[in-house]
Amino acid sequence: MVDPALVLSSVVTALLVGCIYGVLTLGLNIVFGVLRIVNVGFGAFVMLGAYITYFLYKDYGVNPLLTIPVSFAIGFALGYAMYYAAFRRLVGAPELSTLLATFAVGVLIQELARIAWSPDIRGFTWDIGVLELAGVRIVYSKVVAALSALAVVAGVYYLFTRTRFGLAVRAVVQDPEGAMVVGINVDRIYAVSMALGIGVTVAGGSILAIYLQQGIEPYMGIPYTLLAFVIAVMAGLGSILGSLYAGILFGFFEAASFLAFSMIKDALGLDILPYVLTRSAAFFLLLLTLLLKPEGLFRR
Amino acid sequence: MASGGGLEPLLDTLKAAARKAGPALAVYLVLLAAYFIFPERRQLIATILFYALLGGAFNIFMGMTGYVDFGYVAFLAMGAYGMAIAFTYMADLGYWAIPVGFAIGAILASILAGIVGGIALRLRGAYFAIATIGVNEGIRFLIEGGNLLGGSVGLLFAGKIKEALGDDGFKMITSTGSDLILFGLAFLTVAVTALILSTRVGFALQAIREDEDAAKALGINVTKYKLIAFTTSAVLASLLGATFWSLKGNYVEPARVFNIHYTVEAIIVVMLGGAGTLLGPLVGAVIYQGFNFALNTYVAPFLRELGIHALGIHLPIFALILLAVIVAMPEGIVGYLRARVRSRVLREVLA
Amino acid sequence: MPSPLRAAASNRAVIVLAAIVLVAVVAAAAILLLRGGGGEAETEAPQVQQAEEKFAGTIKIGASLSLTGRYSTEGTRTLAGALAVVEWINDNGGVEIGGKRYKLELIYYDDESQPDRVIAIVEKLIKEDGVKVLLAPYSSGLTAKAAPVAERYGVVMVSHGGASDKIFQQGYKYVVQVLTPASRYFQSTLDMIRKLDPDAKRLAIIYKESEFARTVAEGTREYAEKLGFEIVFFESYPADATDLTPILTKLKAAQPEIILGGGHFKDGVLLVKQMKEVGIKAKLIGILVAPAHPDFYKELGEIAETIVYPSQWEPSVKYSPENTPPGYEWYGPTIEEFVEYYNRVAAEVLGKPDLGLSYHAAEGGAAVLFIAKAIEEAQSLDPDRIRDAMNKIRIYTFFGKLQIDPETGLQIGHEMVVAQWQNGKRVVVWPEVVAEAAPVYPSPVWWED
Amino acid sequence: MELVVERLEAGYGEMQVLWGVDLKVEKGSFTVVLGPNGAGKTTLLRAIMGVVRPWRGRVVYRGVDVTSLPPHRKVAMGMTLVPEGRRLFPELTVEENLVLGAYSRGFKGVEEGLELVYRVFPRLKERRGQKAGTLSGGEQQMLAIGRALMSRPRLLMLDEPSQGLAPKLAAEIIELLARLRDEEGLTLLMVEQNVAAALRRADMVYVMEQGRIVVSGPPDKVASIEDIRRAYFGL
Amino acid sequence: MAGPLLKVENVTKRFGGVVALDRVSISVDEGELVAIIGPNGSGKTTLFNVINGVYRPDEGRVYFRGVDVTDLPPYKRVEMGLARTFQIPRPWPGLTVRENVAVGAFFGRARARSVSEALEVADSVLDIVGLSGKADEVAARLTVVEKKLLELARALAMRPKLLLLDEIVAGMSPSDVEKVVDTIVRVRDEMGIAVVALVEHVIRAVRRAAERVIVLHQGRVIAEGAPDEVLSNPKVVEVYLGVTQ
């Protein structure tokens, strides 16, 4: 009853899209992990990255892969500026304030983007070929996007675990005052971490754009905000590698529940919508995770 | 106490509640007067009321316990669906469909509050916020994906209201009728909030907000009081959803009634005005909606006359103002004033 | 730290100042917001404006439009289209009532695509700005919110962007429609296929989970079954799907000959792009909404070739006074004139010279035409007389036929045209009378690698 | 003078804790500040270090006015604080904690630093790969001091190093500090409640009460010291 | 009521492999003032938490007012008349002193029926502990000693039968110790409340007020009796006062 090509295609998609989810979640998780700020305006930064790739590719013919570091740099600068402009005063403030502040920043960026670039939906085609594998077609640009995502995650992981900057960041996370008295400029660590988190988010937006190449518009990031929340919780808020694992796991979960709901629909002849129910299942999975393992599935 | 009778403490409580409710009730009465004096502004006033109530009901839980329920909008949705169900499937009840609709909505909302409260109230901070988002989205996609209650199309039932109430009844209930119910809800919300603040429940909630562990160790049944606040907030929200979205709007569509945007707006209204205060959400709503309406309907056309075509320029401006308020006045406008006003009378008014 | 005494003193000064400012602001805001235009509403007769010698007065049409938010793309074009027709009418003598000529004026506000804003705006338009007729907001959802307000004040509202059938099943008296309702979207496409290929059987329907697309999909299924198609796939995807590969793989396995579906622009583009990625081949692929957008081809390039779509209207459609069908009367600008006015309005009034022309603009324009015609027929601004006049109107315009069902207000005259991307151009291929070229069918090897 | 504090005022939010504290710490001395809970001892050290911003007054370190410098700058200049509650990084290993102590030096001289610390606290060497959170109270205190030593301080400030330790262990720690002072030429400024052990080694004693210094002088010159001891501990 | 007010019977509590309490039995009569002393880590706080219900013992039972409360949650015990203070005071920082105490009057055994009643109780209790002057101050702005007094007032407002005081005089200046101990004795005398106080260092306070002293060491009761007698017990001197003297 189940078509093997369908299963294989689902597995491949789950893996590829999972990497994208992973890198997006990572951006959210860095900011939360270090500053304890839940970035509700997350989607706006994703959107920014997508536009950067779009413009550089469309208007200047820059290879989309090369736009990822550009996005990262722009996001980094933006995050750094944001920290000193507003969020410096909000470290340690009640959740509500930081939630609202990030929301406001998100709205600001989205609306400025809309005014500057119009609300029109844009897209591009970067066709570098297709791989045909056992009847399943895998688009190379998606593979490239997924590999870039892996590279970003690996880079961040290296930075946080193998460098002295990373050691300092972990020190700040565990005890800001302790970090202060060993001579760590805690303020700077916060600023750099925010910059890094936003940088990764914007770069993630570029990677997403390479993956999808379509649907670039000012409000495109909003659905990814909710998705990233779900995955971040599964990963364990603040966990780096966990973001990737949870992203991929979520990709598989989506694929599997889609297949399952499809089979239920066909078998019972129910008037249900498998793809939509998949979303519902994802959120109930989130609840279950929070209930049983609130520290996340991949927290050591 | 000497008499041991139950009447005296009750009177005391009511007196205290009335004192607390006074200023907010007065402002609502002014709004009510304005509603009748300025018929061309009825919908603006109704919209302000909607936001004041959106914030007011939210405030009961968030303002008093410090928990942020991002899935709050789901309770409005429960109410909206309740009313929609009453009219869609029980139109032959006539006017009785209205109380039945409220009841279904309130029951759905309290069931949901019970379930969510039971699960998510164990979590704190960001985890709680995200869990509640999960509940909201989960229900929405369940309705859409399972093709329940009209699925993603939702329920449009203006015709059913006409069927139940007749043409004139329809006109009345979708305009003045629902607006007056909104006023009634406003008074109810103020009264309930004031009553909570004037009883042990309010004290318990404030203690929980300030230090939950201390409250627990001191012998306050933390779970119980959080659930009371959560459910109260949920039921009031459901009544609001039933009135504004169903009686007034006659259309319930999952993509809209589960839109997190409304939660964010509730937070904005509460934060602008001041969390945990009675007057706060009202002040927040007046500013939020008034500002929006004025910018949109007066400033934007004026700019257009001048040849400036910045459509929706008020949104980024508003975002900046919001950011400034959060950074400079984290306790909201009412809270800010209260903390700085030395006069006791004024402080009580602002509380 | 300043001394406590000084601090208290300065605190008090700040508070007094803040209080004064607050009171002033509140008072000013209250006056501004609540004062409204009470006087204006009383004036029943159209207002006389001395400056315009040509006209005896102005007739105000009101609109709550989504200029920001999620419908802003459509809303902005609707606005430009409506303004274009308003200007054309004014340049051609305005609207005539009782031998006097009146100028049309469109009063509009941005509703941010938010239903709760719509309500207050519509009321303001009616009560304060004194508009006599309303254009509905864009989208069925917002129209459903505006309808009770219009109904309660007894002002006629013309829906131009709400294809929903449901709104017209609610027994509203004052709400009418100028565009083809969603349930009939793919009818002409199916008619065309039947004519081209009587043997085509296997039909797949894939649509975005939304009120509009679902109504279309269900209407399509019903009509297709009537025509003898076999529905081999009928499924939806959520609005914000990231990757449609799994569902498309499943669709591929169903081996359809014809695929119809889509929803709105964003998902439509993604759908087509990923159909290619998955390697779906079919004799004909028809997609809602998205292909009508000029950017569709810009983004997809050759992938867009031979994609078919149903359209409310196309700039290249050949509606003209010459091919006016019997029983209908030509009214309003020609297509060329409309395009010319549209471009001018977009550049000069809205400051957006590159605002691409889409059918939304034509819908907005058609609504204005329908209103103007109704007023002239009614010879009055009385809502009931306008509404009655609308029942009798049978006009042929640059937008095609317009005629409503007197009972429900639902559009029954207007028909969808079928267009196809051919060699990078949108070409009207159906109905034959107004077609520019014949459809390419079956799609010659739709995608080659 | 290694450190001079003049009319220092500080607090949290609107609550003032320090009401004009004057204090001098001589180079190479062991200075002890005594006082009951809530007297402001911890706030004093935090204000000197810059963890809380002083409201008024001056902090002069080696002739330089450092009043408004952030802590990381002060660490770089040779001031280090072993804070109240130790403030270790519980999820990091002992060695990682120590390495972080050298952060302000750009991680220069980590090897020699570790050598010194492991010589002073052989226990830490045994547990170098263990997470700091799993250490016993005494070991944690050693680690906190060791971490502070890694920045090669000239002025070491300690906030109640004996807190939570058995009296015997507390006394040992204080002996060790005194030895460090002698061997490494450190200047010590310590806040304590465990009077007996502290007094034995102190060169200079200040007694704080309610945000002010009420008594000061060398231990044997302060007549009321015995009384203080009795008063606090009833022994 | 027959029998002691509080009876802890053979309670054992383990954390992982560590035995924090090893078959501890104590009892407290109504109106008694008992001090539990012991060095850090002797199990005092664990015993406290077993009594008020934060921990459930692995073995043994706890009886309060003759009722087996071993399995009751903390708030039920509070309603029965058990109140406590914290070693590190934890008032609700944003509430005023009066409001803090009023919360106490609403819960516990007092169960005020209206706000005005609760505030009345609060004012009278604040009078007893000498905090009336600060009633309208926000709790965050109190000094440490005042916060401790506030905690005491909050506990008293619950009208407890048994008051558990966790290190209430630790680190106080001598004059404050005297003041607080006097207050506690007065409260006991006037309100007839039994008091169990945990004391680590401040033996002076124990001598001054306690009628009975229980010494804990490594989770076991090693001595019990009148203060002077216990404090001169060589075993106590050895384990408790250790190397210091």
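Three exercises with worked solutions follow, based on a predicted model.

**Exercise 1. The interface of chain C and chain B**

Task: Describe the contact of chain C and chain B by its residues, its buried area and its polar pairs, and state which element of chain C gives the most to the side that touches chain B.

Solution:
1. Begin with the residues in contact: chain C contributes 54 and chain B contributes 57.
2. Take the area next. About 4,800 Å² is buried between chain C and chain B, and carbon and sulfur atoms carry 56% of it.
3. Search for charged pairs. The rule returns three salt bridges across this interface. R117(C) and E265(B) form a salt bridge, with 3.5 Å between the closest N and O atoms. The cut-off is 4 Å between a side-chain nitrogen of Lys or Arg and a carboxyl oxygen of Asp or Glu, so this pair qualifies.
4. Count the polar contacts: 12 residue pairs, both residues at pLDDT 80 or more, are found across the interface.
5. Assign the side of chain C that touches chain B to elements. At least two residues each come from α1 (4-35), β3 (100-110), α4 (115-128), α5 (140-153), α7 (211-227) and α11 (335-349) of chain C. With 10 residues, α4(C) gives the most to this side.

**Exercise 2. The two domains of chain E**

Task: Locate the domains of chain E and describe the contact between them.

Solution:
1. Read the domain assignment. Domain 1 of chain E consists of 1-81 + 163-245, and domain 2 covers 91-159.
2. Place the domains relative to each other: their centres, taken over C-alpha atoms, are 24 Å apart.
3. Count the residues in contact. Domain 1 of chain E has 19 residues touching 13 residues of domain 2 of chain E.
4. Take the area: the two domains of chain E bury about 1,300 Å² between them, with 74% on carbon and sulfur atoms.
5. Check the polar terms. Zero salt bridges are counted between domain 1 and domain 2 of chain E, while two residue pairs are in polar contact, both at pLDDT 80 or more.
6. Assign the side of domain 1 of chain E that touches domain 2. The elements α2 (74-80), β7 (162-166) and α6 (174-191) of chain E each supply at least two residues. The largest share, seven residues, is from α6(E).

**Exercise 3. A nonpolar surface patch**

Task: List the residues that form a nonpolar patch with F284(A), and place Y89(B) in its helix.

Solution:
1. The patch on the surface joins F284(A) with Y89(B), L142(B), L148(B) and L149(B).
2. Together these residues have about 430 Å² of accessible area.
3. Y89(B) belongs to helix α3 of chain B, residues 73-89.

Definitions and conventions:
Residues numbered from 1 in each chain as written. Chains lettered and ligands numbered in written order. Predicted model: local features only at pLDDT ≥ 70, side-chain atom pairs only at ≥ 80, totals over all residues. Heavy atoms only, no water. Patch = residues over 30% accessible without salt bridge, like charges linked within 9 Å, V, L, I, M, F, W, Y side chains within 5 Å. Areas by Shrake-Rupley, 256 points an atom, 1.4 Å probe, with all protein chains shown as cover. Helix = DSSP H or I, 4+ residues; strand = E, 2+ residues; numbered from the N terminus. Domains from an automatic or database assignment. Contact = heavy atoms within 4.5 Å. Buried area = accessible area lost by both parts, 1.4 Å probe. Polar contact = N/O pair within 3.5 Å; in protein donor to acceptor, adjacent residues only side chain to side chain.
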